[in-house]
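Q: Could you walk me through how to read this structure, one feature at a time?
A: Happily; let us take a look together.

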Amino acid sequence: MPQNYTKPNGTERFKPDPEKFLYNIDTFWFNADAVNYQEVMDTWLRDKLVSARDTFLDGGESKILKVELPQYEEPILFEIMGGQPPAYQYSIRNNDIAIYFAKNQRENQMPMKIQINQFILWEKGLLDAVSESIQILYSLGFEYSTGQLNRVDLCVHSDQWQWVLNDLVKFKYPQNFAKDNHPVFYRLDPATGYFETALFGDREYLACRIYNKSIEAKKKGKDYFFEIYKHYGLDPENVWNVEFECRRDFIKQLKDKENIDFFDDIVTVIRENRLDYLWTYLMNECYAHPSAFWTELSKGGCGSFQNVGYIKDTMIRNRDNDANFMREVAQIRGRLMTGLLNENSLSIYDAIDKFLEMNRKYEEEKERNWSEELLNKKASYHNEFINETIKIVKQDEKEQAKKREENRSKAKERLKPRMFINMTEAERKKHIHNS
């Protein structure tokens, strides 16, 4: 879209459609405290975390921590791993949430950090995702007291502006004293000015990323994004993302009129829609662009981020899992072909049979179990649909085990006559007497 937003016939200036801006949160971290943190750590949790962490760091398998949550039929599982020294020595992690723990409670430092990843934010929205993470703390025995925003990635998907290099000539962004913190471009064509990604700033402090979301979705095989864009009336082939990555060192500098940290309490941040204030500040004080698009984009307040969760469809998660698996097909095929290099066969079925036999031997040697590990993997998602499949497959396993036992009993009955025939006379008499 040209900068003057004028239609080809020159009669009417283009106005961005506010309905074609999809605001979202990709990452949300917050620090947390509990009134009984030291008590819980001293009583049981620290010993469990230390033992499991040391096993993991020594190259062993990660240990599992089960957490019961009322909204799921089956427990949610976390892997116990190392932390982020020096502040956090331990962590529990799964596909959606990670919680980091300090060894002890210290003055002027919150002893826990909670990381909430994108899918649970997309599916549940910010309020429910944060509430669920606090619910985990209560399940572990902590009495949550307060939290502070640590990191947030705010973004918007839109087809209302197609960025080229020339558009960024008047783009305002924070510069250092030497003015040498120039943007970084990815796949920039100097002849046409087209690029895939432009990065402004420091990703450890404050950064702005502008990138072609349609191209990224195609490369990663995430076609479900195109369906979402169509649903909201966007052109799926020309969607761009403007994303701000805000870290704690930047966030804690933001003060209110009384010079109080604006993000001191995470509950207040959500209840009072303070992410709207952050977005407005970013759009007007940190970054700016002389276009109607940016003017419309800067209006992204009014609860846009508190109410995120436009991908509230559990099937999207399933589609993403399938897309991730699809990306592994080429590598899986190559590995299976390697298995037949010494065989007189070209059949993929023979390769799969060989893999199954090798996997059987591997599980025997390493004392691993496919079914148990798959159940654990399913239980590492905060997703109701995936969690329900655990109960279903467990029921199927019980029914299959029952059938196997019945078949074994029937087989024993069929063997009895043969056993009787093979007995000596004395053994037959004893068998009849015992019966």
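Q: Which residues of helix 12 are buried?
A: In this predicted model, the buried residues of helix 12 are Ala351, Asn359 and Glu363. They share one side of the helix, because the arc they cover around the axis is only 105°.

Q: What do the buried residues of helix 12 pack against?
A: Their packing partners are helix 11 (329–338) and helix 13 (370–378).

Q: And which exposed residues does the face turned away from the buried side of helix 12 carry?
A: Look there for Met358, Glu364 and Glu365, which are exposed.

Q: How far apart are the end C-alpha atoms of helix 12, and what span should its residues give?
A: Helix 12 has 19 residues (348–366), and at 1.5 Å a residue they should span 27 Å. The end C-alpha atoms are 26 Å apart, so the two values agree.

Q: Which residue caps the N-terminal end of helix 12, and what follows the helix?
A: The cap is Ser347, with a side-chain oxygen 3.1 Å from the backbone nitrogen of Tyr349. After helix 12 comes Glu367, whose phi is positive, near 55°.

Q: Let us turn to the strands. How do the side chains of a strand get shared between two faces?
A: The general idea is that in a regular strand the side chains alternate between the two faces of the sheet. For a case here, take strand 6 (residues 112–116): Met112, Ile114 and Ile116 point one way, while Lys113 and Gln115 point the other way. Both sets are buried, so strand 6 is mostly covered, with five of its five residues buried.

Q: Which strands pair with strand 6?
A: Strand 1 runs antiparallel to strand 6, and five bridges join them. In that pairing, Phe28 has Ile116 of strand 6 as its bridge partner. Strand 5 (residues 97–101) also pairs with strand 6 in the antiparallel sense, again over five bridges. Here Phe101 stands opposite Met112.

Q: Where do nonpolar residues gather?
A: As a general guide, nonpolar side chains in soluble globular proteins tend to be buried together. In this model the largest nonpolar core has 81 residues, and Phe28, Phe101 and Phe142 have the most contacts inside it. Strand 1 (residues 21–34) gives the most to this core, with seven residues. Another core lies apart from it and has twelve residues, among them Phe225, Phe226, Ile228 and Ile316.

Q: How do strand 2, strand 3 and strand 4 fit together?
A: Start with strand 2 (residues 63–67) and strand 3 (residues 76–84), which pair in the antiparallel sense over five bridges. One position to find is Leu65, whose bridge partner in strand 3 is Phe78. Next, strand 3 is joined to strand 4 (residues 88–93) by five bridges, and these two run antiparallel as well. Ile80 has Ile92 of strand 4 as its bridge partner. Strand 3 and strand 4 form a hairpin, with three residues between them.

Q: One last residue: is Glu243 buried or exposed?
A: Glu243, which lies in strand 11 (residues 240–246), has a relative accessible area of 3%, so Glu243 is buried. The cut-off for buried is under 20%.

Q: What is Glu243 in contact with, leaving aside neighbours within four places in sequence?
A: The contacts of Glu243 are Asp26, Asp153, Leu154, Cys155, Ala207, Cys208, Arg209 and Tyr211.

Terms used
Residues are numbered from 1 along each chain as its sequence is written. This is a predicted model: local features need pLDDT of at least 70, side-chain atom pairs count only at pLDDT 80 or more; totals for chains, interfaces and linings use all residues. Side-chain values use heavy atoms; hydrogens and water are left out. Helices (H or I, at least four residues) and strands (E, at least two) are DSSP runs, numbered from the N terminus. The expected span of a helix is 1.5 Å times one less than its number of residues. Buried means under 20% relative accessible area, exposed over 50%, partly exposed in between (1.4 Å probe, protein chains only). The arc is that of the directions from the helix axis to the C-beta atoms. Contact means heavy atoms within 4.5 Å. A polar contact is a pair of N or O atoms within 3.5 Å; within protein, one must be able to donate a hydrogen and the other to accept it, and residues adjacent in sequence count only if both atoms are side-chain atoms. A nonpolar core is a set of buried Ala, Val, Leu, Ile, Met, Phe, Trp, Tyr and Cys residues joined through side-chain atoms within 4.5 Å. Two strands pair if DSSP finds at least two bridges between them.
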